[in-house]
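Work through the exercises below with the sequence and the coordinates at hand. Each task is followed by a solution that goes step by step.

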Amino acid sequence: YAAMAGTFAVYLAMRAFALGSLAPAQQAFFHLSAGDLALNIVAITGRYLGMLLLPIGLNYFHVFHPIHGVTLGLLLSTVALAAVAVAFWRAPRPFVAYGILWAAVTLLPALNLTGLAQNVFTERYLYLPSAGFCWIVAWGWVLLLGYRARAARVMAAVVLCACAAGVFVRNRDWFDTFTMVQATVRQSPDSGLMHDALAGEYI
C-alpha cells in the first residue's frame, strides 16, 4: 500500500505539472454553482440507476439540461438513491454491499459534471459500475433459483431475449457513422454538435 500510495502521489505531482492543475477543464462547458451542482449530481445519479435497471432509450449523445431547483425527476432520484443507501446498510450479505459500493465508487468520476465534456450523461460511463450491479443481480437470481427454479429460469430467458432484441435493434443504428449520427439527431434534435457531425457526414 505504501508503494501504491507513493506512486499515486508522484502521478498527482506530474499531472499538476503537465496540465497546470489537477483538473484544468473545470467549468469549460457548464457553469454551475455549488448548490446547482449538488442537485444535478443527484438527478444524474438517479438517471444512471434507472439506466441500469431498464436500459431503454439508448442514445449516443444525451443533451444535458441542468436543473436549478426541485423537479419531479430530482425527487424520484432522491427516493431511489435513499433506497439504495438503505440496501447498502442493511444488505443481507457483504457481497451485496460490496456490489453497491463498487458501482458507486466507479461512477464517482463521471459525476464531476463541470469537468466533463458536453456529453455529461452518457451510457458508456456505466461500463465499470454495471459490474457491481450484475454481481447483485446474479446473486439474487441464484437465490431465487434455490426456491423457485422454474420461475428463475423463465425470468433469465425473458431477460436474455429482451437484451438480445435490444442489441439487435440498436446495432442497426450503428451500421455506419452516417446512420448513427442520423439516429442521434432524431433523438437529440437540440444538439448543435450532432447537427454539425451530420453536416460533416453529408459533406
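**Exercise 1: aromatic pairs**

Task: State how many aromatic pairs there are, and classify the pair formed by tyrosine 60 and tryptophan 174.

Solution. In this predicted model, the count of aromatic pairs, taken with ring centres within 6.5 Å, comes to nine. For tyrosine 60 and tryptophan 174, the ring centres are 5.8 Å apart and the planes stand at 75°, so the pair is edge-to-face, the cut-off for that class being over 60 degrees. The next step is to place the two residues: tyrosine 60 lies in the loop between helix 2 and helix 3 (72-89), and tryptophan 174 in the loop between helix 6 (149-173) and helix 7 (177-187), so that the pair links parts of the chain 114 residues apart. As to accessibility, tyrosine 60 is partly exposed at 33% relative accessibility, and tryptophan 174 is likewise partly exposed, with a relative accessible area of 45%.

Task: Which geometry does the pair of tryptophan 102 and tryptophan 135 have, and where do its two members lie?

Solution. The centres of these two rings are 5.3 Å apart with 55° between the planes, and the pair of tryptophan 102 and tryptophan 135 is tilted. Tryptophan 102 belongs to helix 4 (residues 94-107) and tryptophan 135 to helix 5 (residues 129-147), 33 residues apart. Tryptophan 102 is partly exposed at 26% relative accessibility, and tryptophan 135 is partly exposed at 31%. Finally, Trp102 and Trp135 join Tyr98 in one aromatic cluster.

**Exercise 2: nonpolar cores**

Task: Which residues touch the most other members of the largest nonpolar core, and which helix supplies the largest share of that core?

Solution. The largest nonpolar core has 14 residues, of which Ile44, Tyr48, Phe64, Leu107, Val120 and Leu126 touch the most other members. Helix 2 (residues 34-53) contributes four residues, the largest share of this core. Another core, of six residues, lies apart from it and includes Met180, Val181, Met194 and Leu198. Turning to the surroundings of leucine 107, and leaving out residues up to four places away in sequence, one finds that leucine 107 touches Thr45, Tyr48, Tyr125, Leu126 and Pro129.

**Exercise 3: a side chain in a loop**

Task: Is asparagine 119 buried or exposed, and which backbone atoms does its side chain reach?

Solution. Asparagine 119 is located in the loop between helix 4 and helix 5. Its relative accessible area is 7%, and because the cut-off for a buried residue is under 20%, asparagine 119 counts as buried. Its side chain reaches the backbone oxygen of tyrosine 60 at 3.2 Å and the backbone nitrogen of histidine 62 at 3.4 Å. Beyond residues up to four places away in sequence, asparagine 119 touches Tyr60, Phe61, His62, Arg124 and Tyr125.

**Exercise 4: cysteines**

Task: How many disulfides does the structure hold, and why is cysteine 134 not bonded to cysteine 163?

Solution. The structure holds zero disulfides. The closest cysteine sulfur to that of cysteine 134 is in cysteine 163, 9.1 Å away, which is too far for a bond, since a disulfide needs sulfur atoms within 2.5 Å. Cysteine 161 is in no disulfide either, the nearest cysteine sulfur, that of cysteine 163, being 9.5 Å away. As for accessibility, cysteine 134 is partly exposed, with a relative accessible area of 44%, whereas cysteine 161 counts as exposed at 52%.

Conventions:
Residues numbered from 1 in each chain as written. Predicted model: local features only at pLDDT ≥ 70, side-chain atom pairs only at ≥ 80, totals over all residues. Heavy atoms only, no water. Core = buried A, V, L, I, M, F, W, Y, C linked by side-chain atoms within 4.5 Å. Buried < 20%, exposed > 50% of the residue type's maximum accessible area, 1.4 Å probe, protein only. Contact = heavy atoms within 4.5 Å. Phe/Tyr/Trp six-rings, centres within 6.5 Å; stacked < 30°, edge-to-face > 60°. Polar contact = N/O pair within 3.5 Å; in protein donor to acceptor, adjacent residues only side chain to side chain.
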